[in-house]
Amino acid sequence: MPTVQATVLESLIARIFQACGVAGEEARIVADHLVDAEACGHVSHGLLRVASYVDAVTEGRIAAGAKLQVISESPAAAVLDGQHGFGQVMAMQAMGFAVALAERAGIGAVTLVNCSHTGRLGCYTEWAARRGVAALMMVNSGGCGQWVAPYGGIAGRLATSPLSFAVPTDGEDPLMLDMATSVAPEGKVRAAQVAGKRLPEGWIIDHRGQPSTDPADLYGPPRGALLPLGGHKGSGLAMVIDALAGGLSGAGCCTEVTAPMGGKTDGVFIIAIKIAAFQLLSTYQTQIGQLVRHVKSSPAASGFSEVLVAGEIEAKTRQARRRDGIPVEPATWDVLQSLSERFHLAL
């Protein structure tokens, strides 16, 4: 498995996007996001997305150079339209918009529609938390991408409906939760299939509703389904996110069984909270830092070396991979090489 420095991957991927017509700054933003997701260990939202994004740009499903449109704005809320631009570009601008509203009004709520795949949500909430703002972000697939079987069912009726929440601490990294409402995101199943690996038990069922560890059983045909996280809890949470991110944004909720699995647009709902509007920021940061240290003070259970809090695995993985290089699955590296050859780029 090749190990590649993050800066090398960022440069290569940015040049690939530029070669298919994406402007330099926009290409850099998307490339940096994908590489950072890979550095954090989220391969589902990392390098394996490059080829599909290239296809989406060349086929016109992603509008390179799109400008964020403000549909409506009030003192604490805004409705935004991504104009089918890159999700990473539009979602970051939407988070910035929400943070600006919160700075003025104490709290800011934003919806975003017509936005392509947004990528790793923790990237955006972490960005806000590092600026002294608590942030909640949730995304649906606009009624598409129904990979998840509802609790008690065997056929996909829900999206993976991820959410992320981050708050500032007095430490180096925010306390940050980033999760799908399914046991695993679909991208992790795809990553396992690309790598030729089996899945952990309990991730998916086949089209008959039987447990499977073969990634191919998710995609079929006939298609299987991902299982909801925590049974009825994940199933219910996915529906609430569908109602907020899909319903409020206008992207739509899961209703049609024949909706495309690739999805057309992400519906996004963001809430940003100015900590200083409720509590002295330094006091809050100290309280959350104390909470983190209190939780980590628990003796480790058998098989664990330490107690890890939300976001800590990503932070530790990112630090190591930024220092030592990012391991890239051979199949994914082959795709990057193929794209480089296609666009006559030197690796």
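Two strands are taken to pair if DSSP finds at least two bridges between them. In this predicted model, an open sheet of three strands follows the order β9-β8-β10, and its pairing is antiparallel. The edges of the sheet are formed by β9 (211-212) and β10 (225-226), each of which pairs on one side only. Strand β8 (residues 204-205) is joined to β9 by two bridges, and these strands run antiparallel. Within this pairing, I205 has P211 in β9 as its bridge partner. In general terms, strands of a sheet pair through backbone hydrogen bonds, either parallel or antiparallel.

The nonpolar interior was examined next. The largest nonpolar core holds 31 residues, of which L9, F17 and V50 touch the most other members. Four helices each supply at least two residues of this core, namely α1 (6-19), α2 (24-39), α3 (50-58) and α11 (330-342). The largest share, seven residues, comes from α1. When residues up to four places away in sequence are not counted, L9 touches V4, V35, L47, I326, V328, W333 and L336. A second core, separate from the one just described, consists of 26 residues, including A91, A98, Y124 and V268.

Aromatic side chains were considered as pairs of rings. Such a pair is described by the distance of the centres and the angle of the planes. The structure holds four aromatic pairs. One of these is formed by W147 and Y219, with 5.4 Å from centre to centre and 80 degrees between the planes. The arrangement is classed as edge-to-face because planes over 60 degrees apart are counted in that way. W147 lies in the loop between β5 (133-140) and β6 (163-167), whereas Y219 belongs to helix α7 (residues 216-219); the pair therefore ties together parts that are 72 residues apart in sequence. The two partners can also be described by their accessibility. W147 counts as buried, at 12% relative accessibility, and Y219 counts as partly exposed, at 22%. Elsewhere, ring pairs link F17, Y53 and F86 into a cluster. F17 is also one of the residues that touch the most other members of the largest nonpolar core.

Charged side chains form 23 salt bridges. In one of them, E73 is bound to R104, and the closest N and O atoms are 3.4 Å apart. E73 is located in strand β2 (residues 69-74) and R104 in helix α4 (residues 87-105), so this salt bridge ties together parts that are 31 residues apart in sequence. E73 is partly exposed, with a relative accessible area of 47%, while R104 is exposed, with a relative accessible area of 58%.

Helix α4 also contains E103, which takes part in another salt bridge. Its partner is K274, and the closest N and O atoms of E103 and K274 are 3.8 Å apart. Because K274 lies in strand β11 (residues 266-274), the pair ties together parts that are 171 residues apart in sequence. Both residues are partly exposed: the relative accessible area is 38% for E103 and 24% for K274.

A further salt bridge connects E306 with K316, with 3.9 Å between the closest N and O atoms. E306 is found in the loop between α9 (281-296) and α10 (312-324), and K316 in helix α10, so the parts tied together are ten residues apart in sequence. E306 counts as partly exposed at 33% relative accessibility, as does K316 at 40%. In addition, salt bridges that share partners join E10, D36, R120, E126, R130, D173, D178, R318 and R322 into one network.

Cysteine residues were examined last. The count of disulfides is zero. A disulfide requires two cysteine sulfur atoms within 2.5 Å. The sulfur of C40 has its closest cysteine sulfur in C123, at 8.5 Å, which is too far for a bond. For C115, the closest cysteine sulfur is likewise in C123, and the distance of 13 Å is too far for a bond. C40 is buried, with a relative accessible area of 3%, and C115 also counts as buried, at 1% relative accessibility.

Conventions:
Residues numbered from 1 in each chain as written. Predicted model: local features only at pLDDT ≥ 70, side-chain atom pairs only at ≥ 80, totals over all residues. Heavy atoms only, no water. Phe/Tyr/Trp six-rings, centres within 6.5 Å; stacked < 30°, edge-to-face > 60°. Buried < 20%, exposed > 50% of the residue type's maximum accessible area, 1.4 Å probe, protein only. Salt bridge = Lys/Arg side-chain N within 4 Å of Asp/Glu carboxyl O. Core = buried A, V, L, I, M, F, W, Y, C linked by side-chain atoms within 4.5 Å. Contact = heavy atoms within 4.5 Å.
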